[in-house]
Amino acid sequence: MKITVGSFVDVACLFRLFPELYEVCDLLGTEPSSLQTAVTSRSLLDDGLEPPLVTELSASEATQSRDVLCRALYSRLFTWIVNRINESIKVKRYGKRKVLGILDIYGFEMLERNGFEQFIINFCNEKLHQVITEITLKEEQEEYVRESIDWCPVEFFNNSPVCDLIEKNNHGILSILDEESLKTGESSDEHFLARISAIGSGHCCSTPDRRSRHYITTPGSTDNSLPSNCFRLRHFAGTVTYNVSGFVEKNRDILHRDLSLAMYKCDHSLLKSLFPEGNPKRPCVRRPATTGTQFKVALSGLLRNVSAKTAHYVRCVKPNELKQPRIFEMALVQHQVRYLGLLETVRVRRCGFCHRLGYTQFLARYKMLSLQTWPSWDGTPVEGVSYLIRDLPIPSGEFAFGRTKLFIRSPRSVYELEEFRRERLEDLATQLQKMWRGYRQRKDFLRKKRSQIIIAAAWRSWRELRFGIPFQGRRHLWCLYRVAREEYRVLKRRKQVEWAVRVIQRHFIRWKRRQFLLRLAQELPTDCDSPISRDWPPCHRRLAETSLLLRRLHHKWRCHKYRLRFDQTARNRMREKVTASIIFKERKASYPRSVSHPFLGDYVRLRQNVQWKKICVENNDQYVVFADIINKITRSSGKFVPILFVLSTSSMLILDQRTLQIKYRVPATEIYRLSLSPYLDDVAVFHVRAPPCSDNASDQSPAVPPGCLFQSELSKKKGDFVFQTGHVIEIVTKLFLVVQNAVGKPPQVNISTDFEANFGQQMVTITFKCTGLPEVQPGQIRILRKGTKMEILV
């Protein structure tokens, strides 16, 4: 139905086709004069104190007012219908529930003539593509780096400058368009294009970003093919030319308050809910938002909703522009694959991990798959997960240990884990059912057994009285009954006395225990908070076990309070001391001397050295764990060569002590064993894993950073390292923890008098002998090299 507006003496306007007007008013439930007045006139002042100033609209303005009203009616009625449908089909359920939603994203539009509608649709595509890129590529790679997973970054196109160019507050294209649309004076599309041209040329002080200039082209630039009323944006899917004709008018699409009042006054009840701003009692404090602002707010809500959910993306690739089957345009498909970032996504998915879980969540979900973690695990979650993975029939290469999460590489491994869990849960359910059935049957059997004994005893007594017993015997039997009855009375009395004694004894014991606990709290020594305090109040011999348990709990509590006072550095040192105790206690004779000495780590103050700060940035060795000048034992003669030994969180470095030049750099992942003797010497051997040998190794070997030990033939000439240092306990302990953090499992620690070492071209047997010769002073060593044997006399 169409209502035509005609002019009247170039000042006012009126409706044509009055039958259509009456029909529309009959549907809305209003008077034709009221609707005609709202469309053809406008109130300029309405403060409630005086009659408002009413101005008549021209035919073009009235036509625009009619179109705005039609669009508002259609949009709000459509939204109302959708909400009613959603409300009627929504599941009425209390509590938390899972929701599955499907979002159909706009298609990217690139037409012959692109206007305001195409600009809004393409902006929505740009924002959704930015969210998808951040989730699938940016956040994925940042999580790998944050969790210390070995990762080679994958570069991808970032469309953030385009989004900032469009939506930047006060400086973006939408903000400029809103300013032009809300101006009280004359505003035109040409002035809007001029302001955009100022951004593109870089002469405007409000340019959001210098990078944005490369994504917009305006008239007057180097591109002469651009029309005068157009501007060009470089989107992620390609470059689109937009015609600014109608931009300001379409963005201004504001429903005037007179129209809202007319719709609210209609008799139809639905219109009052569709136009709540038309209520005369409702104050109007601000002007309605523009179309671009409304779309921007709706898009922000959609993006927040998508970001709060676990999203899965389905990329649709169009094979041809003709919409015909069995036609595959290679250039079109390649273009879509490139701008959608599918190559980068596939590269991240192939090299990355499909599933990740925190150690606590992973252990809670799959702990029943290992006998060591089921039914409960008392250690740290990381250790429990390592034991659990070790017992699974899945290759260890499918898992990667991060700082707080466990990463699983392939979906098949996740499927196998779920299958193992399902089978194990079925076994556990069967076992529970078996135990419950056994318990129930045994309980029923014992009840029937007691009933059978009572029935059998009563029947035997009746049978003896009823059959085959003479009168005298029967009288004797009654005497026995009286004696039994007296005995029963005595036994019952005795049981009552015993019960009373047990109750009194139980309450007395409880009272004594309470008195013991109260006295214990009062008699604790004043220095009881010290972990080394051994003072403890005496107790009764019957409470000796309880006193021992309380003493152990109190000691654990004291140790816990003592540990809470530690800062992070003290905790790390305590962890190193505990690790050293686990490795060397009762195994190394020199260990007791190191207990009272703190592990300082940096003995030469290498962290403050300016030259070292430059070197460590190049090799990514910023965090120094240990640094000191130690002796390197030569393989041929056994002489001592002073070197600067540095241990970082990722590698072991050997430097020249004067020039700080890196001689060798060994990654921590290449050290697999540490060997020492059980004597008082300070010698340690670090076993380094050599690369596999092949004929074409020189052609296929990957590039190795400068200074690394494993570079071409250098690994064959060198091999394991032999060091002598006065801090052997500290250096081995720190290297043990560094290798464990880098590899995920601790290296082997071999403490023996005989072991083999790789000296490059040959294997050498190192033997430690405690001879007590006069030429060997206590704490010193003497080294003898004979062929493939090296003897160290302690």
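Three strands, in the order β8-β10-β9, make up an open sheet with antiparallel pairing (strands are DSSP runs of E, at least two residues, numbered from the N terminus; two of them pair if DSSP finds at least two bridges between them). The edges are β8 (355-358) and β9 (399-401), each pairing on one side only. Four bridges join β8 to β10 (residues 405-408) in the antiparallel sense, and G358 stands opposite K405 in β10.

This is a predicted model, in which local features need pLDDT of at least 70 and side-chain atom pairs count only at pLDDT 80 or more, while totals for chains, interfaces and linings use all residues. Residues are numbered from 1 along each chain as its sequence is written, and side-chain values use heavy atoms, with hydrogens and water left out.

Aromatic rings offer a second way into the structure, which holds 23 aromatic pairs (rings of Phe, Tyr and Trp, the last by its six-membered ring, pair if their centres lie within 6.5 Å; planes under 30 degrees apart count as stacked, over 60 as edge-to-face and the rest as tilted). One of them is the edge-to-face pair of F116 and F247, at 5.5 Å centre to centre with 85° between the planes. Both F116 and F247 are buried (under 20% relative accessible area; exposed is over 50% and partly exposed in between, with a 1.4 Å probe and protein chains only).

Ring pairs also link Y603, F626, F645, Y664, F686, F721 and F723 into a cluster. Within it, Y603 counts as partly exposed because its relative accessibility is 27%, whereas F626 is buried at 0%.
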